[in-house]
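Student: I'd like to go through this chain with you, starting from the inside and working outward. Can you pull it up?

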Amino acid sequence: MGELFGIDSGVIVLTCFALIVVLFIFIFIVSIKLSSLRKKYTQMMNGSKAENMEQLLIEMQNGLNEQKAESVATSAKVETIRQALMKTKSKLAIHRYNAFNEGGSDLSFTIAILDDYQDGVILTGIHSREQMYLYAKPIQNAQSTYTLSPEEKEAINQTLKQP
């Protein structure tokens, strides 16, 4: 009774035991690979609650569309700010001189205040022994509707040289 199909029962038991051990090793390897695959899947899903890949791709596309729209809006705001900055009177030059060439120091002055479009104002203060005169002239495109003195032109040229 110890033989089945002409094979000893001890050999059959040993063969079955070896087969069981091999299957356990196979199950162990498969479970390790499955665990690694789950980790990668979790990383790919990035903690999202999406049920499938299609839903995940739709969510990612919607996120990209929102970012593009926000980027366009931000670019428009930056351009508006840049245009406003170009109109600020940020270029300033002071030219001091002696208006009457009478001994003394350079107490007369010309101040040019312009923006990037070379629009602004020029202030000229002429100092004499008895009085001080202050003149203001509008400037557009580095020119004025009023006659400019050489000192005023020099102050404007100084502002044009500024970056």
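Student: Which residues make up the largest nonpolar core?

Tutor: Keep in mind that this is a predicted model. Strand S4 (108-114) and helix H3 (150-160) each supply at least two residues of the core. Its 8 members are Ala 112, Leu 114, Ile 122, Ile 139, Ala 142, Leu 148, Ala 155 and Ile 156.

Student: Take Leu 148, then. Which residues is Leu 148 in contact with, leaving aside its neighbours within four places in sequence?

Tutor: Leu 148 belongs to that largest nonpolar core, and Ile 122, Ile 139 and Ile 156 are also on the core's list. Two lysines join them as contacts of Leu 148. The full set is Ile 122, Lys 137, Ile 139, Lys 153 and Ile 156.

Student: Stepping back, what pattern does the chain follow along the sequence?

Tutor: Start with the tally: there are 3 helices and 6 strands. Now put them in the order in which they come along the sequence, and you get β-β-α-α-β-β-β-β-α.

Student: What radius of gyration does the chain have, set against a compact globule of 163 residues?

Tutor: The box filled by the C-alpha atoms is a good place to begin, at roughly 140 × 35 × 20 Å along the principal axes. A compact globule of 163 residues would come out near 15 Å. For this chain, the radius of gyration is 43 Å.

Student: What percentage of the 163 residues is buried?

Tutor: The cut-off you need is under 20% relative accessible area. On the surface side, the chain exposes about 12,800 Å², with carbon and sulfur atoms supplying 63% of that. Buried residues account for 17%.

Student: How far apart do the centres of the positive and negative side chains lie?

Tutor: Count the two sets before placing them: 16 side chains are positive and 17 are negative. Their centres lie apart by 1 Å.

Student: Now some backbone angles. Where is Gln 118 found, and what is its phi?

Tutor: Most residues other than glycine have a negative phi. Gln 118, in the loop between S4 and strand S5 (120-127), has a positive one although it is not a glycine. Its relative accessible area is 31%, so Gln 118 is partly exposed. The phi is about 60°.

Student: And Asn 141, is it buried or exposed?

Tutor: Asn 141 sits in the loop between strand S6 (132-139) and H3, and its phi is also positive, near 55°. The cut-off for exposed is over 50%. Asn 141 has a relative accessibility of 55%, so it counts as exposed.

Key. Residues are numbered from 1 along each chain as its sequence is written. This is a predicted model: local features need pLDDT of at least 70, side-chain atom pairs count only at pLDDT 80 or more; totals for chains, interfaces and linings use all residues. Side-chain values use heavy atoms; hydrogens and water are left out. A nonpolar core is a set of buried Ala, Val, Leu, Ile, Met, Phe, Trp, Tyr and Cys residues joined through side-chain atoms within 4.5 Å. Buried means under 20% relative accessible area, exposed over 50%, partly exposed in between (1.4 Å probe, protein chains only). Helices (H or I, at least four residues) and strands (E, at least two) are DSSP runs, numbered from the N terminus. Contact means heavy atoms within 4.5 Å. The radius of gyration is taken over C-alpha atoms; the globule rule is 2.2 Å times the number of residues to the power 0.38. Accessible areas come from the Shrake-Rupley method with a 1.4 Å probe; for residues, only the protein chains shown count as cover. Lys and Arg count as positive and Asp and Glu as negative; His and the chain ends are not counted. The place of a charge is taken as NZ of Lys, CZ of Arg, CG of Asp or CD of Glu.
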